[in-house]
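Work through the following exercises with the sequence and the model at hand. Each task is followed by a stepwise solution.

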Amino acid sequence: MADKYTPAAIEEKWQQVWAEQGFDKTVEDPSKPKFYALSMFPYPSGNLHMGHVRNYTITDVIARVRRMQGYRVLHPMGWDAFGLPAENAAIDRGVHPAKWTDQNIDQMRSQLQQLGLSYDWDREVATCSPDYYQWTQWSFIQFLQAGLAYQKEAAVNWDPIDQTVLANEQVDSEGKSWRSGAKVERKLLKQWFLKITAYADELLQDLDKLPGWPERVRLMQENWIGKSTGAKVVFKTEQGDDLEVFTTRPDTLWGATFMVLSPEHPLVEKLTTEPQQEAIAAYQAEAAAKSDIDRTDEGKEKTGVWTGSYAINPVNHTKIPIWIADYVLMGYGTGAIMAVPAHDQRDFEFARKFHLEVRVVVQPEGDILDGATMAAAWPGEGVMVHSGPLDGIPAGKGEGQSVEKAIAWLEKEGKGSGQDNFRLRDWLISRQRYWGVPIPVIHCPSCGTVPVPDEQLPVTLPENVEFSGRGASPLSQLDDWVNVPCPTCGAAAQRETDTMDTFIDSSWYFLRFTDANNEGAIFDSAKANDWMPVDQYVGGIEHAILHLLYSRFFTKVLRDRGLINIDEPFSRLLTQGMVQNITYKNPKTGKYIPIDQITDIDHPVDPATGDPLEGFYEKMSKSKYNGVAPQDVLGKYGADTARMFILFKAPPEKDLEWDDADVEGQYRFLNRVWRLVTEFAENPAAAKSEQATADLSKPEKDLRRAVHIAIKEISEDIEGDYQFNTAVSELMKLSNALSDAKCPDSPVYAEGIHTLVKLIAPFAPHLAEELWAQLGRAGSIHQQGWPGLDESALVADEITLVIQIMGKTRGTLAVPASSDKAALERYARESDIAQKYLAGKEIKKVIVVPGKLVNFVAQ
Ligand SMILES: [Zn+2]
C-alpha cells in the first residue's frame, strides 16, 4: 500500500533538491530557442497576498511548459524596493528603511520559495541595493547626456506646519497632511524631469508593434499619450507681444471672441492694466493653492478675471479681450487658448457668465443659430459661415472639410501652421525624500550642473539619517554629504539632494536580469540583445499606463544610446484578473463585517445593529475582512493545491472568486492522481514499456485516444491565451479515463500514466516530481520533453450516429467511423429506433449528414 499524499513533506523535499541541483538556473545554450518569462516584480511589503500568488503561478506555468518544450528559459525575480512605506516605517517605528526593507525581502523570498516557483535566484535584484542603483544613476546620466533630463520649476505639496514636502499619497482626500493635519499648500520648486515627450510619436506609433498586448491596455496608452492634430496660431497683443495658441479647430478662428490665459502665464503681469491689478493678483493667489484636478473639473462654476487688455484676432483683425482663468493650465499646450463660445461648451459657459460675445461660425443644417440666444454651444456638424475664405465649406476634420482648408489657408497667409499636440507631459522624477536613488549630479557655482563621473558611482545613500517627517528632506540636512568639491573645477559645490521617482527603478530592471551580476556595466549588450524582448510579461492592470509606458521609453532611449537593439521591451503582455472573495457589508452604515462575526451565513446580519447584510465579491483586502492568507492555504493543502485552484478557477485575465469548496476539490483531485499513479507503480503486472503493439483492443484504443486528446487540448490551451482553467479540466478528464480504463496492465495504460504526470508537471510541480520518482524514472520530470501528439490516435473507430424522425432526435447508435452515406442510412433504417418510430409509416425522404445524423421524413 502506497503512502498517503503528504504535500508538506514532498514539497519541502523537492524544493531543496531543486535548489541544490540548480534545476531552475538559466540555461545558456545558444542551440535552443530562448524564452523570457517575467512577472512584474513586487514591492517588498513583507507579506505575500493572493494577488501575488496568482501572478507568479501563471508565469511559472508558462516558464515550466517552455522548458519542457525545449526552450532555454529566463525566469527571474527581484524587488522593487525603494519607496515611501519604508520611510514611513522609519518615521513611525524608528527602524531604518534599509533594515525594514531587507527583513521584508527575506520574509517574502521564503514565502515565494514555498510556492515552488522556478526562479533563477542567482539573478535576483533589489532596486535599493547599491550594485543595482549604481546603474540607475548611470542611466540617468545617459539621459542627461542625450538632452533628455532637465530641471524646471514645478509645484509640490507643501505642509506648512511640518515645513516639508509631501508625496501625493501623504495628502488625504480633503487635501490635508497625513501627519500634521494641516491644509496642504502648493509650492514651486526646481525639479528634475525626463523628456518623454520627445518620444511621444514613437511611443504611440509602436503600439502597432504590440499585437500580443491586450487591446484595452494599448488603448489606455494611446489615450494617455493623447495625440491631437490641429494648428498653431499666433495672436498679437495690443502691446505687441505674441500669444501662441494650439487649437484642434482652427476653422473656428473667426468665431474666437476672447482669449484665456493660465494665471501663471508669463505675460499676465505685462498685460494687466492698472485698475485690474488687485483682482488679478488675488485670483492668481487663489489658483496657486488649487490642484490641477480641481482647476479642470468640468462641473465647477467658471471663474476668471479680465486683464484689461486686448489681442488682435489674426484672421479678421477684431479686438478680443484677454482673460485669465484657472481651468487653463500652464503645463498643457502653451498656457493660452482662443475661446470660441458658440462651439465649445466650456467657453460658452464662461462667455455667458461674463457677458462676452458669442459668434456663430458653424450653422447646422435645418437650423439658424443665433449667438445672442442659443442655450448651449454647438460642437457638431454644419456649414461654415462668417468665416471669410471658409464660408460654405462643410465643418469637420475630414478630407476637404473646414479644418484641413483652414490649416492650408493659415499656412499660405503666414498666420499659423499645422501641428500635432500631445496630452503626454514630461516626467517629473524629483522626490524630496530619502529612500530612493540619489540623483547623481553636483551643482557648482561656476560650472553649473555637473554629472557625477562614472568612476564615482554609485552615489550611495548615507546611513546616519534622522527620520522625523519634518523640515527639509533628510539628505539635504546632511552637510557632510551635501558639500563636495566640483568634479570639474574642484571648487566648493553641492550635491543634488532630490532622489528619483521609484518608477525609474522599474523602468529597466528587465534588462538587468539578462546580466544581473555584471559589476562593470549596466549589462552586456550581447546578453541583453540575446534575451530581450521579454516574451511573456505578466502583471496587474494597475500598471497598464505608467510602468509600461516608462519601460517602453527607457528601452527606446537606451536603444538610441547604442546599448540595445530592440524597439519594444515586452512582446506579449498578460494582465491577470483580481483575486476576489465575498465581503459582508451593512448597507445602512457602510461598515464591513468580518465573516467570523456572522452566526447564520444564510441570513447574515450585523451583530451590532441586527441589520441584514449585503454579500458580494470584492478584491481581497484587509479593510474588507475578506483576505485569505496564502500561508493558511499552503499550510492546510500545500502549494500544488493552491496553484491548481488558482489556475482552475478562472481564465488568467478574468477576476477569480475565492471558493473554499473548489480548493478542497483540487486537493481531492491531486489525491486521486496520487492514488492512480502509485497504484500503477505497485502493480506487479503493469507493463514496463509504454510502447504498445500495433494491434490494440477496443479499451486500449479508447484509452489511447483519451490520452492524445488530453495532449492535444492541453497543448493548445497553454499556447496563445493560456486557458489554464480548461487545461486543468482536461487533466481531470484524463485521470477519469485512466480510472475507468479496463486495461491496467497494458502498455497503453503505462503511456497514459506517464503522460498524465508530464502534463500535470507545470501545474503541480512537486506532486509530479514525486510521482516521477515513484515510477522509478531517472532525472527530473521538469527536464523531460513535453508529450508529443500522435494524430493517428485521435481517429475514432466508431462514431455516435444521431437518429431523427421528422427532425426530432429519437436515439443514437454506435456505427463504424468509416461508414459512407449509404451505409449510415442502412444502419439507421435497420436500427430498433427506426423500427419503433417508423412502424406503419411511409418514408418520404432520408437526410444523411455524414459523421453526424440520419433524419427520416415519413408519413
Ligand atoms: Zn565647477
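**Exercise 1: a charged patch**

K808 is located in strand 30, which covers residues 808–816; strands (E, at least two residues) and helices (H or I, at least four) are DSSP runs numbered from the N terminus. The model is predicted: local features need pLDDT of at least 70, side-chain atom pairs count only at pLDDT 80 or more, and totals for chains, interfaces and linings use all residues. Residues are numbered from 1 along each chain as its sequence is written, and side-chain values use heavy atoms, with hydrogens and water left out.

Task: determine how exposed K808 is.

Solution. Step 1: buried means under 20% relative accessible area, exposed over 50%, and partly exposed in between (1.4 Å probe, protein chains only). Step 2: K808 has a relative accessible area of 49%, so K808 is partly exposed.

**Exercise 2: the sides of helix 26**

Task: state which residues of helix 26 are buried and where they lie around the axis.

Solution. Step 1: in helix 26 (residues 821–830), the buried residues are A823, L824 and A828. Step 2: they lie on the same side of helix 26, because their arc around the axis is only 135°, taken from the directions from the helix axis to the C-beta atoms. Step 3: exposed A822 and E830 are on the face turned away from the buried side.

**Exercise 3: a loop glycine**

Task: locate G776 and classify its exposure.

Solution. Step 1: G776 sits in the loop between helix 24 (765–774) and helix 25 (791–794). Step 2: its relative accessibility is 62%, so G776 counts as exposed. Step 3: 63 Å separates the C-alpha atoms of G776 and R179, which are 597 residues apart along the chain.
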